[in-house]
Amino acid sequence: MTHELECRRHDGEAPFDGLTLCCTENFTAAKLSTALSCIVAILQKHFGSIPLRFFDCWLEHDGILCMTEPTTWEHLQQEVATPESLEHIFGYWDAHVRRAYTPENQSFLLRYYLETSESTRKLYASRYSIYLSDFDLTGPPTLISEIASKLLARDITQIAITAPVPYFLPRGTAAWDSDFWREHLKKYRRNERDRRSF
């Protein structure tokens, strides 16, 4: 997660004032590519004029907060286009660290991860009750409903819709200290207010 998105999650602001579309089981690389290609096409239709940002989401790994960097819709399309492109990206990736994309207005948040080791996938799915080859998309209810319908029409039925705030509570191996992160977010908010006052 990023500093700003984590503040938004705590405050119930977009995209966390909407819904989260998530998986109910591990996806194969082929199914993940199919689902993500469909999702990205719809996102680009609605938000293609808004610059896109990328970050590594460590929420399920150790909870560290990251900064975003600029990227393009074309790059995202290419990244999810094939099972091979996903396997190439995640072949040397830290466990539980998801790829994450959000537009500059942060109206949605798309995250995904592909675990290329079958033994690791089975171990962590059973131990931590999380999926390691999956995606989640958080955004306005109308957008989530549209994308869910498109996925179901493509026979991608292992999906569910849930509330974002509980979904994004620390999970997996992330061992957060709530008091530490509460103070960290307060400091970030103070710094943001100081920066905007100039």
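I take two strands as paired if DSSP finds at least two bridges between them. With that settled, I opened this predicted model and went to the middle of its sheet.

**Entry 1, E5 and E6.** I looked up the partners of E5 and found five bridges joining E5 to strand E6, residues 134-139. The two strands run antiparallel. For a landmark I noted that Arg111 stands opposite Asp136 in E6.

**Entry 2, E5 itself.** Are the residues of strand E5 mostly covered or not? I checked residues 109-113, and five of the five are buried. Leu109, Arg111 and Tyr113 point one way from E5, while Leu110 and Tyr112 point the other way. That fits the usual picture, in which side chains of a regular strand alternate between the two faces of the sheet.

**Entry 3, E4 and the turn.** On to strand E4, residues 98-103, which pairs with E5 in the antiparallel sense over three bridges. E4 and E5 form a hairpin with five residues between them. I stopped at Gln106 in that turn, since its phi is positive, at about 55 degrees.

**Entry 4, Arg99.** This residue is found in strand E4 and stands opposite Tyr112 in E5. Is Arg99 buried or exposed? Its relative accessible area is 10%, and the cut-off for buried is under 20%, so Arg99 counts as buried. I then looked for a polar partner and found Glu79: a polar contact of 2.4 Å joins the two side chains of Arg99 and Glu79.

**Entry 5, Thr138.** Back in strand E6, I picked Thr138. Thr138 is buried, because its relative accessibility is 0%. Which residue, 118 places away along the chain, has its C-alpha atom 4.2 Å from that of Thr138? I found Thr20 there. The side chains of Thr138 and Thr20 also share a polar contact of 2.8 Å. Leaving aside neighbours within four places in sequence, I listed further contacts of Thr138, among them Pro15, Phe16, Ile144, Pro164 and Phe168.

**Entry 6, E1.** I followed E6 to its pairing with strand E1, residues 19-23, and counted four bridges in the antiparallel sense. Leu19 has Gly139 as its bridge partner in E6.

**Entry 7, the whole sheet.** Last, I wrote down the strand order: E3-E2-E4-E5-E6-E1-E7, an open sheet of seven strands with antiparallel pairing. Why do E3 (69-71) and E7 (159-162) each have one side without a neighbour in the sheet? They stand at the edges, each with a single partner strand, so one side of each is left free of a neighbour there. From one strand to the next, I noted a twist that averages 25 degrees.

Definitions and conventions: Residues are numbered from 1 along each chain as its sequence is written. This is a predicted model: local features need pLDDT of at least 70, side-chain atom pairs count only at pLDDT 80 or more; totals for chains, interfaces and linings use all residues. Side-chain values use heavy atoms; hydrogens and water are left out. Buried means under 20% relative accessible area, exposed over 50%, partly exposed in between (1.4 Å probe, protein chains only). A polar contact is a pair of N or O atoms within 3.5 Å; within protein, one must be able to donate a hydrogen and the other to accept it, and residues adjacent in sequence count only if both atoms are side-chain atoms. Contact means heavy atoms within 4.5 Å. Axes are lines fitted to C-alpha atoms, for helices over the stretch in contact, and angles run from 0 to 180 degrees between N-to-C directions.
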